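Biologist: Before the discussion of this assembly begins, may I ask that each answer set out its reasoning and close on the value or name requested?

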There are 2 protein chains.
Amino acid sequence: GHATMASNFVFRQLFDTKSSTYTYLLGDAESKDAVLIDPVIEHAKRDAQLVKDLNLNLKFAINTHMHADHITGTGELKKLTNCKSVISKASGAKADIHIDESDVIEFGTHKLRVFSTPGHTNGCVTYYIPEQGMAFTGDALLIRGCGRTDFQEGNSTNLYENVHGKIFSLPDETILYPAHDYKGMMSTTVDEEKRLNPRLTKSLSEFVEIMENLNLAYPKMIDKALPANKACGLYDLPEEYQT
Amino acid sequence: GHATMASNFVFRQLFDTKSSTYTYLLGDAESKDAVLIDPVIEHAKRDAQLVKDLNLNLKFAINTHMHADHITGTGELKKLTNCKSVISKASGAKADIHIDESDVIEFGTHKLRVFSTPGHTNGCVTYYIPEQGMAFTGDALLIRGCGRTDFQEGNSTNLYENVHGKIFSLPDETILYPAHDYKGMMSTTVDEEKRLNPRLTKSLSEFVEIMENLNLAYPKMIDKALPANKACGLYDLPEEYQT
Ligand SMILES: [Fe+2]
Ligand SMILES: [Fe+2]
């Protein structure tokens, strides 16, 4: 079943076809405060326009982690709006605000709770909004999958334990919104992933073996994305992004 | 604000990156009856698997109109499940069930109401589910846009009058789900399009002039898609789709 949505909660999912990244806009229809989770630099104008179209004020541009596959839109959004950038302390990236386990990000009457869920990277967090029954899992948990653990201090044991200990401990009906999907799927639930995730339904040792044998290609954007994302997209931009 | 979702209503939006088509899965969590709106042939297996993963039974595979840019997944879904195909009578396409203005499609306790909204094609319909405050507009109304009217007996005056008379007459907070988006946007509302649609906020005569001067390229899939879609994807499949 579906969680009941409060009438003053605004929600939009957005997509970047190049990196298959999902961006999320969450807002309070009364106070007009809004946040963006995982904006992408190429779409900063689109996202700022949507915030404006919905008569919202962007308070925070938030990342679930330091992405290796695209440059965050955070820096551009800071130029286009009055938002502050937010990322986990453990990410090692610069930002206006650093968050950590059990911190709370408020916009209007709504609250995003921070769970530290490292494993894909050291600084991965999951944002949970209990009243809406939604969680934003970044690359810790993908739909029927999970983020790779062979770069950025990835650690498959940590990933497994954090997904099981934190994300899978949320109510079964919680809707999970990942940072990516490559098959046109947009959301899942705790129940589905506990039953159907081909990797995370396995034992820890089987999971570690699966993750060690993925033989994935070197991430093609990583050498451009990481230096830029370390500064939340504000500095160290590759030439083609400099304005 | 957001409409309140009934707890027995299952909803998923799905995407085809090749044709930028959105497919929608709607289900009743109690009776398990489900429908797919605008499935795409390349994703019939994905969609049938999702129906199964959610323990649903696909009752109907429905199209908003006879698409010119992709082959419907309806035919494949009829092979993979026990569903019946549905399209408007005015489309001229074969199907198990033909619907028309003010018909109702039931799945469990939920009801999709049919509005005839021709203009992009003669057979375009909008499916409205009042209890959820959602409507599926096909190509009649896109996010900040609308379908082209220069093929398939398109008629821009009809399109304008149907969007204004039917879609824009729904409650302002109704969430509109289109058949396509090309910028990574996934939904809009009646309120937004009434305020912000660059074409449909104009007068009828200005709209007709805009639509006459779009100078769009010949639709690259139309000669393959239309013969197949005329049979709801069951027959006249281009060679590469034949199994
Ligand atoms: Fe990542
Ligand atoms: Fe169309």
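Modeller: Contact here means heavy atoms within 4.5 Å. The model is a predicted one.

Biologist: How many residues does the contact take from chain A and from chain B?

Modeller: A residue enters this count through heavy atoms within 4.5 Å. The contact draws on both chains, with 32 residues from chain A and 32 residues from chain B.

Biologist: What area do chain A and chain B bury between them?

Modeller: Of the area buried between the two chains, 55% lies on carbon and sulfur atoms. The area that chain A and chain B bury between them is about 2400 Å².

Biologist: How many residue pairs are in polar contact across the interface of chain A and chain B, and which element gives the largest share of the side of chain A that touches chain B?

Modeller: Across this interface, twelve residue pairs are in polar contact, both residues being at pLDDT 80 or more. On the side of chain A that touches chain B, at least two residues each come from β1 (9-16), α1 (44-53), β12 (188-189) and α4 (190-196) of chain A. By class, that side has 14 nonpolar, eleven polar and seven charged residues. Its largest share, six residues, comes from β1(A).

Biologist: Which residue of chain B forms a salt bridge with A:Arg144?

Modeller: Side chains of opposite charge can pair when their charged atoms come close. Between chain A and chain B the count is four salt bridges. For A:Arg144, the closest N and O atoms of the pair are 3.0 Å apart, and the partner is B:Asp53.

Biologist: Which residues are linked with A:Arg12 in a network of salt bridges?

Modeller: The network includes residues of chain A and of chain B. Linked with A:Arg12 in this network are A:Asp53, B:Arg144, B:Glu192 and B:Glu193.

Biologist: How many salt bridges are there over all chains, and which parts does the pair of A:Lys59 and A:Asp33 tie together?

Modeller: Over all chains the count comes to 28 salt bridges. One of them joins A:Lys59 to A:Asp33, with the closest N and O atoms 3.9 Å apart, and A:Lys59 is partly exposed at a relative accessible area of 31%. Because A:Lys59 lies in one strand and A:Asp33 in another, the pair ties together parts 26 residues apart in sequence, namely β4 (residues 57-62) and β3 (residues 33-37) of chain A.

Biologist: Is A:Glu240, which forms a salt bridge with A:Lys224, buried or exposed?

Modeller: The closest N and O atoms of A:Glu240 and A:Lys224 are 2.6 Å apart. This pair links distant parts of the chain, 16 residues apart: A:Glu240 is in the segment after α6 (222-230) of chain A, and A:Lys224 is in helix α6 of chain A. A:Lys224 is partly exposed, with a relative accessible area of 38%. At a relative accessible area of 51%, A:Glu240 is exposed.

Biologist: In chain B, how far apart are the closest N and O atoms of B:Lys224 and B:Glu240?

Modeller: B:Lys224 lies in helix α6 (residues 222-230) of chain B, and B:Glu240 in the segment after α6 of chain B. B:Lys224 counts as partly exposed at 39% relative accessibility, whereas B:Glu240 counts as exposed at 52%. The two form a salt bridge, the closest N and O atoms being apart by 2.7 Å.

Biologist: Which residues coordinate the iron ion (ligand 1)?

Modeller: The donor residues follow the spacing H-x54-H-x18-D in sequence. A:His120, in the loop between β8 (110-116) and β9 (125-129) of chain A, and A:Asp139, in the loop between β10 (134-138) and α3 (156-167) of chain A, are 19 residues apart. A:His120 is buried at a relative accessible area of 7%, and A:Asp139 is buried with a relative accessible area of 7%. At 2.1 to 2.3 Å, the iron ion (ligand 1) is coordinated by A:His65 (NE2), A:His120 (NE2) and A:Asp139 (OD).

Biologist: Which backbone nitrogen lies 2.9 Å from a polar atom of the side chain of B:Asn155?

Modeller: B:Asn155 sits in the loop between β10 (134-138) and α3 (156-165) of chain B, and it counts as partly exposed at 30% relative accessibility. Its side chain reaches the backbone nitrogen of B:Thr157 at 3.1 Å. The backbone nitrogen at 2.9 Å from a polar atom of that side chain belongs to B:Asn158.

Technical notes:
Residues are numbered from 1 along each chain as its sequence is written. Chains are lettered from A and ligands numbered from 1 in the order in which they are written. This is a predicted model: local features need pLDDT of at least 70, side-chain atom pairs count only at pLDDT 80 or more; totals for chains, interfaces and linings use all residues. Side-chain values use heavy atoms; hydrogens and water are left out. Helices (H or I, at least four residues) and strands (E, at least two) are DSSP runs, numbered from the N terminus. Buried means under 20% relative accessible area, exposed over 50%, partly exposed in between (1.4 Å probe, protein chains only). A polar contact is a pair of N or O atoms within 3.5 Å; within protein, one must be able to donate a hydrogen and the other to accept it, and residues adjacent in sequence count only if both atoms are side-chain atoms. Donors are N, O and S atoms within 2.8 Å of the metal (3.2 Å for Na, K and Ca); water is not among the atoms, so sites may look incomplete. Buried area is the accessible area (1.4 Å probe) that two parts lose on being put together, summed over both. A salt bridge is a side-chain nitrogen of Lys or Arg within 4 Å of a carboxyl oxygen of Asp or Glu. Ala, Val, Leu, Ile, Met, Phe, Trp, Tyr, Cys and Pro count as nonpolar, Asp, Glu, Lys and Arg as charged, and the others, Gly among them, as polar.
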